[in-house]
Amino acid sequence: MSATAKATVTTPVRGAAVRFDHVQKSYDGVTLVVKDLNLDIAPGEFVTMLGPSGSGKTTCLMMLAGFEPATHGEIYLNDKPINNVPPRKRGIGMVFQNYALFPHMSVAENLAFPLEIRKLGKSERDAKVKRALDMVELGAFGNRRPAQLSGGQQQRVAVARALVFDPDLVLMDEPLGALDKQLREQMQYEIKHIHESLGVSVVYVTHDQTEALTMSDRVAVFQDGVIQQLSPPDALYESPQNSFVAQFIGENNKLSGKVTSVNGDRCTITLDEGTVLQAEAVNIDGVGSRSTISLRPERIELEPALDRDNIVEGKVLEVLYLGDHLRIVMSVAGNNEFIVKVPNGGRLTTPVEGEVYKLGWSAVDAKALDPVT
Amino acid sequence: MSASTTPVSPNTVSRSDSTPLTQDGQPLKRSLAKALRREKLRALMLISPLLIFIIVSFVLPIGDMLFRSVENNIVRDTLPGTVRALSDWDPTVDELPDESVYAALADDLMLAQEVKIHTRLGSRLNYDQPGISSVFRKSGRAIKRLDNEAAMAALVALEPAWNTPQAWATLRDMKAWPAQFPATAQSYRNWMAWLKSEEGDDVDPTQLVPHGFTYAALVHDLQKMPAAKIESFVTSTNTDAAALFTNLAGNIADLPNDDFKAQFAKIDKGWVQADNWQAIKRLSPSITDSYFLASIDTERTAEGITQKPENERIYLRLFVRTIFLSMVITCSCILLGYPVAYLLANLSVRASNMVLILVLLPFWTSLLVRTSAWKVLLQQQGVINDLLVWARVIDEAGRLVMINNMTGTIIAMTHILLPFMILPLYSVMKTIAPSYMRAAKSMGASDSLAFWRVYFPNTVPGIGAGSILVFILSIGYYITPELVGGTSGVFISNRIAYHISSSLNWGLAAALGSILLLLVLALYWTYDRIVGIDNVKLG
């Protein structure tokens, strides 16, 4: 919530509050696509729904927009239930996956469309269209047809159109999916800046974790219709609540074993091939239960100088030179996909393939989570 | 490249700038064309079977058919001598042509009835001059009984040598033949053809003298010749020819000749009516506009091109009706097809496949069966009328007339052409992402506003494609209007079919077809100008 607090300081908040209250959704009456969703979005907050395809995130967005009815539960917009409010009366701006720019209208006409519906006068309309186009730096493109714009430009027009009628809430459904990597990164910053300067609430759906981490105040990680974790981006990475989140966000080494002792927030885990490791107890059932340790590759030290909580030996299988760091694939405690990232500090000695090296890491960096089969 | 090699005049530099060269100095364009030629040839070879098939089975026959709308060689071919003799006759003075024309007519008809083409000519002339075909039929039968001995007898009386084949050989060898003896030469050719048809190849025409018609033609030629000309034959070095003409010179003007005019007048009064001759004269050129004039209910009379009398005008009305009904059918196809296409595009894949099969089902049934089914449904004792009577919407006396009129044509053809509207519409609607409507609604548009402002404009290319298809198909439709159209619901194509297969007036059929083709092209052009043909999408 700290990020939200920061946003409230910098800009006057005009965003809307959204609340999902025990929302469930089923298309076929047999399986639940969204299982008991509870989510509070503060005014002006940028919340991302992140998850693999089929995890229910887009369905949640469509329910919020009003294109899909909730099977059970209630959605509140500014504390008013909106289940029976048609989409056109919700006043929510929306950016669609493929932009949905009207091909038969010019860019300016596309932007003027929501204003015409709101029966704004021509001069006012033109002023707003111009302002919105200037905001996305497309002031000179008003007369073009969407087909005459590049993907990035179309994307900006879509954002401008979603914002031109000053909605309090903007929904974005994988808006950057069709762009190439460089453009995508650029657009991430632009959207973030627009959000910061306007203070609207944004609900953003993506399956790209980088996008989610870069832009959001909070990220809701979806899987199987359930929010697995709802945290600010740093917490999501630093302290995943379960193995799914740990795996889905960033790179992650898995070491499976049995909990042999628990001491406060520390525990020892005996791996299947015998190695005993110290870890932080995050999500375990107690002594004797199975658990998977999640360990970020960059937190592992090769040939540690200091005494570490955990010291194991590993055999180098493959070394990849990636410029800013070395990526080493090792065989550690029976795991042949153990990744170690060594930052390129300048005086790097490249490990030799086939040799055995010592590896060390702190217990706080090893999170003992629910077991992965 | 060349600019950097040697100091060149500014002219050369600018030229080399505009035409880039390859490494070996060839113009780039030519090298490219050369490189692409092989591929182009191969592509051409790939399509050549279809191309040849289309040219042979489609373009050439249609071209030939269309050419028939102006082609008119029949008069010239059947009555060559008459057409030539008529060239001196002025049709505007309302006088009958002179005796030489009748002589040529007798001569031409003699051959024509021998090879049995005179009735065909009669039918052709009858299109423009009603009643003339019976004149030709009668004359064909009577022509052999014509008295044609007078000219021959007169000539032989003056110079017995005229009764010998040698005289004719001498005549044919003269320098003045055939230029000075046009009628005789034509008649001689006719006679040879007649002889060949009558006697076969066994007889040698050079061993015979021609029949009396040719002597009559000779007398006409001689009488039209200046006396000095005949004098020059007599005094020429060609002694054979001189011998033939010596006794004739001076007696030419008084030579008796066969009176074919009177004889033709006796065969049929038609031959002494100036309008018949005017028609023959009018139609003697090998290219005619008479079919096209007839196609738009006009005719060429003494006063020029005039409209036919009210009760004889049919084609313009038929054209207007065809276009009007085609438009009505196109509109009803849009109205009925649009919702179906929308349903198809928005149903689940399984359901839409099912509906698509229903849409395509009519294609699997014979056109005749479908049309006949409408007969069963729509007739006065038919299913629909029975239902309405049963439901007491109408009473027995008030049974609706829905078949054998315009209504029948519209209903049956809308049904038959509906798939041609639905399919392009469907394929266009399929490409319209549902997010457009959602986007419009998220911006505050009501359902109907989102439809009219966003969805509908994007389906216009489909409507255009479907309309062009349906309209062009219906404007040339034949079977259905023929079966269910009665008299008030038939199209111009039914009239074309009638002229092709019943009246055998192919020229008129071709002219009507050409006009129909032009109409379609004009509409296509208009559509291109207004909507733009790039705006037509079939998917």
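**Figure 1. Contacts and overall dimensions of chain A in this predicted model.** Let's start with how chain A connects to itself: among its contacts between residues at least 6 apart in sequence, 67% join residues at least 24 apart. Chain A is built with nine helices and 20 strands. Measured out along the principal axes, its C-alpha atoms fill a box of roughly 75 × 50 × 40 Å. Of its 373 residues, 42% count as buried.

**Figure 2. The largest nonpolar core, centred here on A:Leu171 and A:Val203.** This core has 107 residues, and A:Leu171 and A:Val203 are the ones with the most contacts inside it. Which residues is A:Leu171 in contact with, once its neighbours within four places in sequence are left aside? They are A:Leu61, A:Leu64, A:Ala65, A:Ile92, A:Met94 and A:Val203. So the two residues with the most contacts inside the core are also in contact with each other.

**Figure 3. A second core, seen through some of its chain B residues.** Separate from the largest one, this core has 55 residues. Among them are B:Trp162, B:Trp168, B:Phe260 and B:Ile280.

**Figure 4. Where chain A touches chain B.** Here 17 residues from chain A meet 15 residues from chain B. On the chain A side, strand 6 (92-95) and helix 3 (107-117) are the elements that give two or more residues. Helix 3 of chain A gives the most, with three residues. What classes of residue make up this side of chain A? By class, there are 13 nonpolar, two polar and two charged residues.

How values were computed
Residues are numbered from 1 along each chain as its sequence is written. Chains are lettered from A and ligands numbered from 1 in the order in which they are written. This is a predicted model: local features need pLDDT of at least 70, side-chain atom pairs count only at pLDDT 80 or more; totals for chains, interfaces and linings use all residues. A nonpolar core is a set of buried Ala, Val, Leu, Ile, Met, Phe, Trp, Tyr and Cys residues joined through C-beta atoms within 7 Å. A residue is buried if 20 or more other C-beta atoms lie within 10 Å of its own, exposed if 12 or fewer, and partly exposed in between; C-beta atoms are placed from the backbone. Two residues are in contact if their C-beta atoms, placed from the backbone, lie within 7 Å. Helices (H or I, at least four residues) and strands (E, at least two) are DSSP runs, numbered from the N terminus. Ala, Val, Leu, Ile, Met, Phe, Trp, Tyr, Cys and Pro count as nonpolar, Asp, Glu, Lys and Arg as charged, and the others, Gly among them, as polar.
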